Amino acid sequence: MKKQYIYALATVFIWATMAAIVKKMLFDIPNLEALSISSYFAFLFMLLVNLKTGVLKEMKQYSVKEYRIMSGLGFLGLFLYSVLYYYGLSQLSSQEACILNYLWPIMLVAFSCVILKERMTAMKAVAMVCSFIGIIILSMGDGGASTGNTTLGIISCVIAAACYGLFSVLNKKADFNQNISMMVIWLVVAVCATILGIMTEDWVPIKGIQWLGILWLGIVIDAVAYLLWALALKGVENTAKIANLAYLTPFLSVLISAVFLKERIQAQALLALIFIVGGILLQNFYEHKHGK
């Protein structure tokens, strides 16, 4: 279990950089172009890792049907999620989009109870409500003004959160080798984004520091962080204990946005931290005390 916590916390810190990186470095690049190129980098990184570790040899163990399932997971959980979240980032401030995006751990726990038949305990419910209150408090601040259609941006981020919450549960249930699965998934995302992007966008040349943003997004955020998160959920009977750690990300993202995007931090952010961390510690302390 300790290893899962390390994976999850590392993922949280990496994910916290996503909103600011996309908003600052990739703002002038069409959404699908950024998603397509970064996803190819994620795929190539996972391919090299699998070649180096010998995991690639295990690909022959999976059937065509199982590769279809992996592809479906990629389309639902990372292609649709990324398209919707990137659009939300283009319409809202990075803080607003990140806050709304972090409805997904709530959905992860809810889907786990429905699909994986995990029990919804009173303490899970209290921890979820606590952390959700923190997000609501954080969203009441005016750390940055919306930059586009607020309503569509909000709807887009909420649907994106549902997609990733469902993806996390289905990916856990499928129980594939995560190195192989994530390699296939990022290839699916790259191909889908390329096809849709060519049809709907006017792509532009990527210049200078934008390449650093693409590489960070593709290799660190897409490949490394998503793989770490998938590994964090593997072998964990109580998904909520890991999922609640993800609520740290919005607060960290606010701090990063304040530094790199000059978005002002409000007092609400500090109050939100009490609820967010409180929900996590409350559940973990209770379950550790009762040997759960």
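In what follows, a patch is made of residues with over 30% relative accessible area and no salt bridge, and nonpolar side chains are joined into one within 5 Å. The structure above is a predicted model.

**Exercise 1.** Find which residues make the nonpolar surface patch, and which helix gives the most to it.

*Solution.* Begin with the members: Tyr-40, Leu-187, Val-191, Ile-195 and Met-199 together make a nonpolar surface patch of about 450 Å². Next, look at where they come from: helix H9 gives the most to this patch, with four residues. Tyr-40, for its part, lies in helix H3, which covers residues 31-53. Finally, consider the exposure of Tyr-40, which counts as partly exposed because its relative accessibility is 33%, and partly exposed is the class between the cut-offs of 20% and 50%.

**Exercise 2.** Decide whether Ser-181 is buried or exposed, and name the residues that it contacts beyond its neighbours in sequence.

*Solution.* First locate Ser-181, which is found in helix H9, residues 178-200. Its relative accessible area is 0%, and so Ser-181 is buried. Then, leaving aside neighbours within four places in sequence, Ser-181 is in contact with Met-70, Asn-171 and Phe-176.

**Exercise 3.** Place Glu-118 in the chain, classify its accessibility, and state how far it is from Thr-239 in sequence and in space.

*Solution.* Glu-118 sits in the loop between helix H6 (104-115) and helix H7 (122-139). Because buried means under 20% relative accessible area, Glu-118 counts as buried at 12%. As a last step, compare the two separations: Glu-118 and Thr-239 are 121 residues apart in sequence, while their C-alpha atoms are 8.2 Å apart in space.

How values were computed: Residues are numbered from 1 along each chain as its sequence is written. This is a predicted model: local features need pLDDT of at least 70, side-chain atom pairs count only at pLDDT 80 or more; totals for chains, interfaces and linings use all residues. Side-chain values use heavy atoms; hydrogens and water are left out. Helices (H or I, at least four residues) and strands (E, at least two) are DSSP runs, numbered from the N terminus. Buried means under 20% relative accessible area, exposed over 50%, partly exposed in between (1.4 Å probe, protein chains only). Contact means heavy atoms within 4.5 Å. Patches are made of residues with over 30% relative accessible area and no salt bridge: like charges are joined within 9 Å, nonpolar side chains (Val, Leu, Ile, Met, Phe, Trp, Tyr) within 5 Å. Accessible areas come from the Shrake-Rupley method with a 1.4 Å probe; for residues, only the protein chains shown count as cover. A salt bridge is a side-chain nitrogen of Lys or Arg within 4 Å of a carboxyl oxygen of Asp or Glu.
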